Amino acid sequence: MNGLVINNGIVELCTQREPLVIIPDGVVTIGEGAFKGCASVEEIVLPESVTEIKNEAFKGCRKLKKINLPVGITSIGHYAFHRCHSLVNIILPSTVIELGDCAFLYCDHLESISMKSVSQMGFSVFLNCTNL
């Protein structure tokens with residue numbers, strides 16, 4: 001897939017420069033740091049097959065406004081959305097049970113988050129989310 005490095009169902013790297021990224025069906029994991037610093041990405045569409053977002057997966061995606069988190073995701077890693085300044089709301093499906101340390105650190109435009117079944121929450125998950 002153009003702009004994405006995918007191995008064994010894991011997105012390892014995104015080099016795409018377009019604002020919309022559509023992850024293909026069959027991907028199960030967004031790998032550690034896969035989108036780290038992708039400044040042009042504004043929207044990411046994840047397939048229903050994704051079950052895990054690793055540490056720092058979207059760290060520094062400053063323009064990321066929209067991401068759908070499909071039912072089936074169980075964990076979101078440490079610093080996964082750190083400094084995603086443009087995120088306004090997040091809906092965590094009921095399957096998400098674990099949020100890593102600082103998962104949404106400095107998401108300073110985040111106004112709302114919906115979560116139901118999170119049973120393991122790291123430290124400072126929403127630190128400096130000043131609009132929450």
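This is a short dialogue on reading a sheet, a core and some aromatic contacts in a predicted model.

Student: Let's start with the sheet. In what order do the seven strands run?

Tutor: Happy to begin there. Strands of a sheet pair through backbone hydrogen bonds, either parallel or antiparallel. Here the order is S1-S2-S4-S6-S8-S10-S12, in an open sheet with mixed pairing. S1 (4-7) and S12 (120-121) each have a single partner strand, so they stand at the edges with one side left without a neighbour in the sheet.

Student: In which sense do S1 and S2 pair?

Tutor: Antiparallel, over four bridges, with S2 covering residues 10-14. Look for Asn7, which stands opposite Ile10 in S2.

Student: And Thr29: is this residue buried or exposed?

Tutor: Thr29 is buried, at a relative accessible area of 8%. You will find Thr29 in strand S4 (residues 29-30). Beyond its neighbours within four places in sequence, Thr29 contacts Gly9, Ile10, Val11, Glu52 and Lys54.

Student: Now the interior. How many residues are in the largest nonpolar core?

Tutor: In soluble globular proteins, nonpolar side chains tend to be buried together. In this model the largest nonpolar core has 37 residues, and those with the most contacts inside it include Ile30, Phe35, Phe58 and Phe104. Phe104 has a relative accessible area of 0%. Leaving out residues up to four places away in sequence, Phe104 touches ten-odd places worth inspecting, among them Phe81, Ile90, Leu110 and Phe126.Student: How should I read the aromatic pairs, and how many are there?

Tutor: A pair of aromatic rings is described by the distance of the centres and the angle of the planes. The count here comes to four aromatic pairs. In one of them, the rings of Phe35 and Phe58 have centres 5.0 Å apart and planes at 35°, so this pair is tilted. Phe35 lies in the loop between S4 and S5 (43-45) and Phe58 in the loop between S6 (52-53) and S7 (66-67), so the pair ties together parts 23 residues apart in sequence. Both Phe35 and Phe58 are buried.

Student: What about Phe104 and Phe126: stacked or tilted?

Tutor: Stacked, with 5.5 Å centre to centre and 10° between the planes. Phe104 sits in the loop between S10 (98-99) and S11 (112-114), and Phe126 in the segment after S12, so this pair ties together parts that are 22 residues apart in sequence. Phe35, Phe58, Phe81, Phe104 and Phe126 form one aromatic cluster.

Student: Which charged end sits over the ring of Tyr106?

Tutor: That of Arg83, 4.3 Å from the ring centre. The charged end of Lys59 sits over the ring of Tyr79, 5.4 Å from its centre.

Definitions and conventions:
Residues are numbered from 1 along each chain as its sequence is written. This is a predicted model: local features need pLDDT of at least 70, side-chain atom pairs count only at pLDDT 80 or more; totals for chains, interfaces and linings use all residues. Side-chain values use heavy atoms; hydrogens and water are left out. Two strands pair if DSSP finds at least two bridges between them. Helices (H or I, at least four residues) and strands (E, at least two) are DSSP runs, numbered from the N terminus. Buried means under 20% relative accessible area, exposed over 50%, partly exposed in between (1.4 Å probe, protein chains only). Contact means heavy atoms within 4.5 Å. A nonpolar core is a set of buried Ala, Val, Leu, Ile, Met, Phe, Trp, Tyr and Cys residues joined through side-chain atoms within 4.5 Å. Rings of Phe, Tyr and Trp (its six-membered ring) pair if their centres lie within 6.5 Å; planes under 30 degrees apart count as stacked, over 60 as edge-to-face and the rest as tilted. A charge sits over a ring if NZ of Lys or CZ of Arg is within 6 Å of the ring centre and within 35 degrees of the ring normal.
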